[in-house]
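Reader: I should be grateful for a close look at one buried position in this chain and at the parts that surround it. Please set that position in the context of the whole model.

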Amino acid sequence: IDQGFLKNIEELEFATRAFQGVTQNLHEQEGRDAIKRDLVFFSSAIAEGVLFHELIEKAKSFEDAKRLVPIFFGESSEARHIEALEYLFTQSDFPFKDIFNSGFREWGFDTFGEQKRSGKIDIWAHLDDTIWIVDYKTGSTDNLEKGFEQLSAYKDVVKDFSSKKALKVKSILVFPYKKKVF
């Protein structure tokens, strides 16, 4: 199992346990309101990332993705999520729209060679002579190295899987809420 995925699960489980503990003891200790706010933010940030990935997986088009935003996130934060989607679909650093239309979304894999790996690639596609691998992040840009390590592992898996020979493999980290591509 992909270690990054496991870490996210562990963080979510920790946040859930911590949040439950905070809510049970909220009235018993001073200062619990601040802790609760921090944990709610942490839990909601992880949930937001999961929902964003699910929205991209389920959407059939950009217009469909925009239509799904209030269903996935509620109407109160609709503008922020639509803005992130608009950035993703219209930025000019890589051909996301083409990758979206012809690629594999939330593509799960298990390998059984020398190095056993398992994980889920956000989206990848073979366009012309290039394989594009895209990992969208909804959090901070502080730990890019970890993201690039993840993309490197994905690159090996996709190259082994793809029946077409590509001259190039391009790996992209995109932060649609921050409007940044690496």
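Author: The side chain of Asp64 is a suitable place to begin, in a model that is predicted. Asp64 has a relative accessible area of 13%, and it therefore counts as buried, the limit being under 20%. Asp64 forms a salt bridge with Arg67, in which the closest N and O atoms are 2.6 Å apart. Both residues belong to helix H3, which covers residues 62-73, and they stand three residues apart, about one turn of the helix.

Asp64 is also one of the contacts of Ala59, counted without the neighbours of Ala59 within four places in sequence. Ala59 is found in the loop between H2 and H3, and at 2% relative accessibility it is buried. The other contacts of Ala59 on this count are Ala65, Leu68, Phe100 and Arg105. Phe100 is 41 residues from Ala59 in sequence, while their C-alpha atoms are 9.6 Å apart in space.

Two of these contacts of Ala59, Phe100 and Arg105, also meet each other: Arg105 lies over the face of Phe100, at 3.9 Å from the ring centre. Phe100 is in turn a member of one aromatic cluster, together with Phe52, Phe62, Phe89, Phe94, Phe96, Tyr136 and Tyr177. The surroundings of Ala59 thus lead through Phe100 to this aromatic cluster.

The count of aromatic pairs in the structure comes to 14. In one of them, Phe104 and Trp124, the ring centres are 4.8 Å apart and the planes stand at 25 degrees, so the pair is stacked. Phe104 is in strand S1 (residues 104-112) and Trp124 in strand S2 (residues 116-127), so that this pair links distant parts of the chain, 20 residues apart. The two partners differ in accessibility: Trp124 is buried at 2%, whereas Phe104 is partly exposed at 37%.

The salt bridge within H3 is not an isolated case, as a search of the whole structure finds six salt bridges. In another of them, the side chains of Glu48 and Arg80 meet at 2.3 Å, N to O. Glu48 lies in helix H2 (residues 32-58) and Arg80 in helix H4 (residues 78-90), so this pair ties together parts that are 32 residues apart in sequence. Glu48 is buried, with a relative accessible area of 16%, and Arg80 is partly exposed at 40%. A further salt bridge joins Asp135 to Lys137, with the closest N and O atoms 2.9 Å apart. Asp135 is buried, at a relative accessible area of 2%, while Lys137 is partly exposed at 23%.

Two loop residues call for attention on account of their backbone. Most residues other than glycine have a negative phi. Asp128, however, has a phi near 55 degrees, a positive value in a residue other than glycine. Asp128 lies in the loop between S2 and strand S3 (130-136), and it is exposed, with a relative accessible area of 78%. Lys179 likewise has a positive phi, near 60 degrees. Lys179 lies in the loop between strand S4 (168-175) and strand S5 (180-181) and is partly exposed, with a relative accessible area of 40%.

The chain as a whole gives these details their setting. Six helices and five strands are present, and along the sequence they follow the pattern α-α-α-α-α-β-β-β-α-β-β. Of the 182 residues in the chain, 37% are buried. Among the contacts with a separation of 6 or more, 57% are between residues 24 or more positions apart. The chain exposes about 11100 Å², of which carbon and sulfur atoms supply 51%.

The confidence of the prediction should be kept in view. The chain averages a pLDDT of 81, and 75% of the residues score at least 70. Over residues 25-30 the pLDDT is below 50, and this stretch has four contacts in the model beyond near neighbours in sequence.

Note on methods:
Residues are numbered from 1 along each chain as its sequence is written. This is a predicted model: local features need pLDDT of at least 70, side-chain atom pairs count only at pLDDT 80 or more; totals for chains, interfaces and linings use all residues. Side-chain values use heavy atoms; hydrogens and water are left out. pLDDT is the predictor's confidence in each residue, from 0 to 100. Contact means heavy atoms within 4.5 Å. A salt bridge is a side-chain nitrogen of Lys or Arg within 4 Å of a carboxyl oxygen of Asp or Glu. Helices (H or I, at least four residues) and strands (E, at least two) are DSSP runs, numbered from the N terminus. Buried means under 20% relative accessible area, exposed over 50%, partly exposed in between (1.4 Å probe, protein chains only). Rings of Phe, Tyr and Trp (its six-membered ring) pair if their centres lie within 6.5 Å; planes under 30 degrees apart count as stacked, over 60 as edge-to-face and the rest as tilted. A charge sits over a ring if NZ of Lys or CZ of Arg is within 6 Å of the ring centre and within 35 degrees of the ring normal. Accessible areas come from the Shrake-Rupley method with a 1.4 Å probe; for residues, only the protein chains shown count as cover.
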